[in-house]
Amino acid sequence: MKKQVGLAVGLGVGSTLATQGVYAEEFPLHTMDAQEAEGQHYVPSTVDNVRWGELPNRTSAPVLKMESGETITFDTVSAEGLLDDQGRDPVSYFGQYGVKPKDILSEAIAIAESDIVNLFGEHGPHIVTGPVEIKGAEPGDVLKVETLSLTPRVPYGVISNRHGRGALPGEFPENEGPAEEASVENPEWFHNVSVFTPITMRNGQWYGEIPGEDVFFPLQPFMGMMGVATDTTERVDSVPPTRTGGNIDINDLGVGSTLYLPIEVEGGLFYTGDPHFSQGDGEVALSALEGSLRVTFRLSLLKKGDPGIPGNAHTFTQPIGETEDYWLPIGLDEDLNEAMKDATRQSIDFLEHHYGMDRAKALAYLSAATDFEVSQVVDRTKGINGKIRKADFEKRLPNEVAATTEGGQLPQTSTNYVAWIIGGLSVVGAAFALGRRKKRSV
């Protein structure tokens with residue numbers, strides 16, 4: 001009799017999906033030939049192409065090299081179903097919900113069976129794919145990451161709550177906590193809670209289902225992890241987001257979005273991972289609805305000072321996101337209050353350097369018109385991002401553009417108002433003096 005592989009909640013995927021007209025065969029489960037990929041390049045999550053729980057650093061070797069402006073497709077793998085508290089055996093773990101072995105990612109099986117070391121509870125859980133070198137990238141440059149497409153690879157995901165983690169550590173999971181016997185061989189003794197969650201297509205829209213509750217919610221796929229290598233030789237854990245990106249978990253960064261990342265090492269060394277089918281702001285349980293995705297990016301190199309860099313194009317040191325309607329300055333800190341301060345400072349700096357706003361008036365605008373959202377509170381380093389509405393600035397030119405327009409107009413900041421007033425008074429004074437001089441000479 002096969003032992004149970006951990007405390008979990010779910011329904012059989014076979015019956016659930018069959019009754020709703022969605023079958024695993026309709027999903028892009030396995031790897032494909034590079035020629036079939038949407039992008040010009042293709043990187044599967046094979047054992048040789050991934051790290052488990054750590055990020056690339058400056059010593060990492062690229063799995064592929066590409067030119068700026070080219071597109072690339074990654075087949076990413078969620079770590080849920082592979083972790084120690086789930087038995088590190090995706091066939092058994094997903095099998096308890098009726099998922100057949102052929103409907104489980106071959107990469108997931110290979111990674112779980114590999115000798116890659118991942119110390120559960122000490123190392124991050126994420127399966128990180130890459131890195132990829134962008135030719136010509138140098139420290140001080142910026143990588144522009146455009147998300148072109150996102151496709152679920154499997155018709156199911158997992159939402160997990162683990163002891164000592166999440167927004168309510170010590171309160172949830174509501175059980176006795178991990179026992180001494182807890183191990184990969186005895187995963188049920190961790191007493192963590194994972195909710196197996198099937199996804200289905202309804203009227204052209206993907207939905208997740210909280211099993212047994214008749215609760216359905218629309219999916220908003222995005223990559224939780226996008227980043228470039230940090231300039232260090234030390235091990236970089238995959239959990240906390242950093243100044244070079246990583247596990248930033250901003251749910252607005254789906255299809256059509258752009259993320260700008262400050263480059264610290266030669267080649268940039270871009271990586272991705274932590275695929276999400278859906279995530280609420282805060283990610284309060286610990287994980288979102290984690291599920292493997294196929295993603296295609298366009299990666300473009302912006303050299304230091306390029307006017308296409310948002311904010312300060314000459315000293316760009318913090319990631320910033322962009323959607324069709326918003327700019328997303330990002331604040332990061334272990335303290336949520338400090339993350340809020342950081343997001344506010346980043347937003348003020350952005351408005352000053354990108355649109356030429358006076359800093360005091362930028363703060364006033366942010367207070368009156370900008371929402372600040374908590375991306376997550378569960379990754380040690382917490383994240384808050386502003387959502388600056390582009391439509392509010394339709395009558396203003398970005399600084400770099402304004403500087404090149406006819407006449408080299410200064411942006412209309414209060415500092416420049418003073419300059420204009422002084423200049424205007426000087427002109428008036430000169431005209432008055434000239435008039436008096438003419439009157440005396442008559």
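This report describes two buried residues, two nonpolar cores, one helix and one set of paired strands in a predicted model.

**Two buried residues**

Ser 194 is part of strand 10, which covers residues 193–202. With a relative accessibility of 3%, Ser 194 counts as buried, because the cut-off for that word is under 20%. Its side chain is nevertheless involved in polar contacts: one with the side chain of Gln 86, at 3.2 Å, and one with the side chain of Ser 160, at 2.7 Å. The distance from Ser 194 to Pro 173 is 10.0 Å between C-alpha atoms, and the two residues are 21 places apart in sequence.

Thr 147 belongs to strand 8 (residues 142–152). Thr 147 is also buried, with a relative accessible area of 4%. Setting aside residues up to four places away in sequence, Thr 147 touches a run of residues from Leu 253 to Ser 257, among others. Met 226, Val 295, Thr 296 and Phe 297 are also touched by Thr 147.

**Nonpolar cores**

The largest nonpolar core holds 58 residues, and those touching the most other members are Ile 72, Val 145, Phe 270, Phe 297 and Leu 299. Strand 19 (residues 293–302) contributes five residues to this core, the most of any element. Leu 299 has contacts beyond its sequence neighbours, including Met 66, Ile 72, Ile 134, Leu 143, Val 145 and Phe 270. Charged residues are also on its contact list, among them Glu 67, Glu 70 and Lys 144. A second core, separate from this one, has 18 residues, and Tyr 260, Ile 309, Ile 320 and Tyr 355 are included.

**Helix 4 and its aromatic residues**

Helix 4 runs over residues 336–355, 20 residues in total. From first C-alpha to last, helix 4 spans 28 Å, close to the 28 Å expected at 1.5 Å a residue. At its start, a side-chain oxygen of Asp 335 comes within 2.7 Å of the backbone nitrogen of Asn 337. After helix 4 comes Gly 356, with a positive phi near 75 degrees.

The buried residues of helix 4 include Ala 343, Ser 347, Phe 350, Leu 351, His 354 and Tyr 355. An α-helix has 3.6 residues a turn, so residues three or four places apart point the same way.

The whole structure contains 15 aromatic pairs. One of them joins Phe 350 and Tyr 355 edge-to-face, with ring centres 6.0 Å apart and planes at 90 degrees. Both Phe 350 and Tyr 355 are buried. They also belong to one aromatic cluster with Tyr 260, Trp 327, Tyr 365 and Phe 393.

**Strand 23 and its partners**

Strand 23 covers residues 382–389, and seven of its eight residues are buried, so the strand is largely enclosed by the rest of the structure. Two strands pair with strand 23, as the table shows.

| Partner of strand 23 | Direction and bridges | Opposite residues |
|---|---|---|
| Strand 21 (residues 326–333) | antiparallel, six bridges | Trp 327 and Ile 388 |
| Strand 22 (residues 371–376) | antiparallel, five bridges | Val 374 and Ile 384 |

Strand 22 and strand 23 form a hairpin with five residues between the strands. Within this hairpin, Arg 380 has a positive phi near 65 degrees. Trp 327, opposite Ile 388 in strand 23, is also a member of the aromatic cluster that holds Phe 350 and Tyr 355.

Definitions and conventions
Residues are numbered from 1 along each chain as its sequence is written. This is a predicted model: local features need pLDDT of at least 70, side-chain atom pairs count only at pLDDT 80 or more; totals for chains, interfaces and linings use all residues. Side-chain values use heavy atoms; hydrogens and water are left out. Helices (H or I, at least four residues) and strands (E, at least two) are DSSP runs, numbered from the N terminus. Buried means under 20% relative accessible area, exposed over 50%, partly exposed in between (1.4 Å probe, protein chains only). A polar contact is a pair of N or O atoms within 3.5 Å; within protein, one must be able to donate a hydrogen and the other to accept it, and residues adjacent in sequence count only if both atoms are side-chain atoms. The expected span of a helix is 1.5 Å times one less than its number of residues. A nonpolar core is a set of buried Ala, Val, Leu, Ile, Met, Phe, Trp, Tyr and Cys residues joined through side-chain atoms within 4.5 Å. Contact means heavy atoms within 4.5 Å. Two strands pair if DSSP finds at least two bridges between them. Rings of Phe, Tyr and Trp (its six-membered ring) pair if their centres lie within 6.5 Å; planes under 30 degrees apart count as stacked, over 60 as edge-to-face and the rest as tilted.
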